[in-house]
Amino acid sequence: MPRVSQDHLDARRRQILDGARACFARHGYEGATVRRLEEATGLSRGAIFHHFRDKESLFLALAEDDALRMADVVARQGLVQVMRDLLSAPEPDAEHPADWLGTRLEVSRRLRTDPEFRGRWAERSRQLTDATRQRLVRQREAGNLRDDVDIDVLTSFLELVLEGLVSHLAMGLPADDLEPVLDLVEETVRRHRRTG
């Protein structure tokens with residue numbers, strides 16, 4: 001039997017994660033049945049669960065993958081950019097389902113309703129907080145961040161705004177006028193230089 005290359009395995013894993021992301025965004029965790037996951041990925045249950053032990057493992061891997069991608073954006077552009085990306089994401093029922101938003105909404109729901117998931121997620125969720133904190137430290141060192149508020153307080157502030165935005169979007173409230181709000185959030189953490 002021929003050996004499968006690591007590139008092939010990685011591509012298959014990416015195919016599963018991408019399909020599962022769309023399925024979870026469209027149907028939620030409970031609604032993402034094995035049959036729907038098969039349809040969304042174009043693969044059999046055997047192929048899916050060769051890479052992931054069960055649906056919970058698949059969802060955690062997906063949420064972790066999204067958290068890492070969000071942390072990468074935070075490291076380069078800041079947490080407010082992640083929020084801007086969430087605003088620009090298409091609706092979950094659109095042809096291209098919301099990317100991070102669907103996963104983030106499902107993570108938020110499961111954190112509230114599933115104590116076991118909450119425990120498992122806590123181990124994985126530090127990446128975004130750490131990336132935000134490190135970005136803020138770099139911005140402060142560059143003289144771009146206000147210095148009258150502790151970094152941990154600013155990190156918590158930005159994370160609360162993110163969670164509020166996710167809740168706002170989850171309720172289906174209008175989001176087309178929130179860019180100025182994000183501008184204000186960004187402005188509140190910047191250092192204001194005195195003139196004159």
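Angles between helices here run from 0 to 180 degrees between N-to-C directions, with the axes being lines fitted to C-alpha atoms. Keep that in mind for the close-ups below, and remember that this is a predicted model.

**Figure 1. The whole chain is built from helices.** Counting up the secondary structure gives ten helices and zero strands. So what do you get if you read the elements from the N terminus on? The run is α-α-α-α-α-α-α-α-α-α. The C-alpha trace spans about 75 × 40 × 30 Å along its principal axes.

**Figure 2. Helix α4 packs against helix α5.** A pair of packed helices is described by the angle between their axes and the distance between the axes. For α4 (residues 55-77) and α5 (residues 79-88), that angle is about 125 degrees, and the axes are 7 Å apart. An angle that is neither under 35, nor over 145, nor from 65 to 115 degrees counts as oblique, and α4 and α5 are therefore oblique to each other. Look for Met70, Val73, Val74 and Gln77 on the α4 side, meeting Leu79, Gln81, Val82 and Asp85 on the α5 side. Sorted by class, this contact has five nonpolar, two polar and one charged residues.

**Figure 3. Helices α9 and α10 pair up.** Here α9 (residues 151-170) and α10 (residues 179-189) have axes that come within 11 Å and cross at roughly 175 degrees. Angles over 145 degrees count as roughly antiparallel, and that is therefore the label for α9 and α10. Which residues make the contact? From α9 come Leu154, Phe157, Leu158 and Val161, while α10 brings Val185, Thr188 and Val189. By class, you'll find six nonpolar, one polar and no charged residues in the contact of α9 with α10.

**Figure 4. Domain 1 meets domain 2.** The domain assignment splits the protein into domain 1 (1-52) and domain 2 (54-189). Their C-alpha centres lie 25 Å apart. Across the boundary, 18 residues of domain 1 are in contact with 22 residues of domain 2. Together the two domains bury about 1,700 Å² between them, and carbon and sulfur atoms give 64% of that area. Three residues to pick out are Arg21, Phe24 and Tyr29: they supply 42% of the area that domain 1 buries against domain 2, more than any other three residues.

**Figure 5. A stretch with an annotation.** An unreviewed UniProt entry carries the annotation "DNA-binding region" for residues 33-52. How much of this stretch is helix, and how much is strand? Over residues 33-52 the chain is 75% helix and 0% strand. The C-alpha atoms at the ends of this stretch are 15 Å apart.

Technical notes. Residues are numbered from 1 along each chain as its sequence is written. This is a predicted model: local features need pLDDT of at least 70, side-chain atom pairs count only at pLDDT 80 or more; totals for chains, interfaces and linings use all residues. Side-chain values use heavy atoms; hydrogens and water are left out. Helices (H or I, at least four residues) and strands (E, at least two) are DSSP runs, numbered from the N terminus. Contact means heavy atoms within 4.5 Å. Ala, Val, Leu, Ile, Met, Phe, Trp, Tyr, Cys and Pro count as nonpolar, Asp, Glu, Lys and Arg as charged, and the others, Gly among them, as polar. UniProt positions are given in the numbering used here, feature names are shortened, and annotations may be inferred rather than shown by experiment. Domain bounds come from an automatic or database domain assignment. Buried area is the accessible area (1.4 Å probe) that two parts lose on being put together, summed over both.
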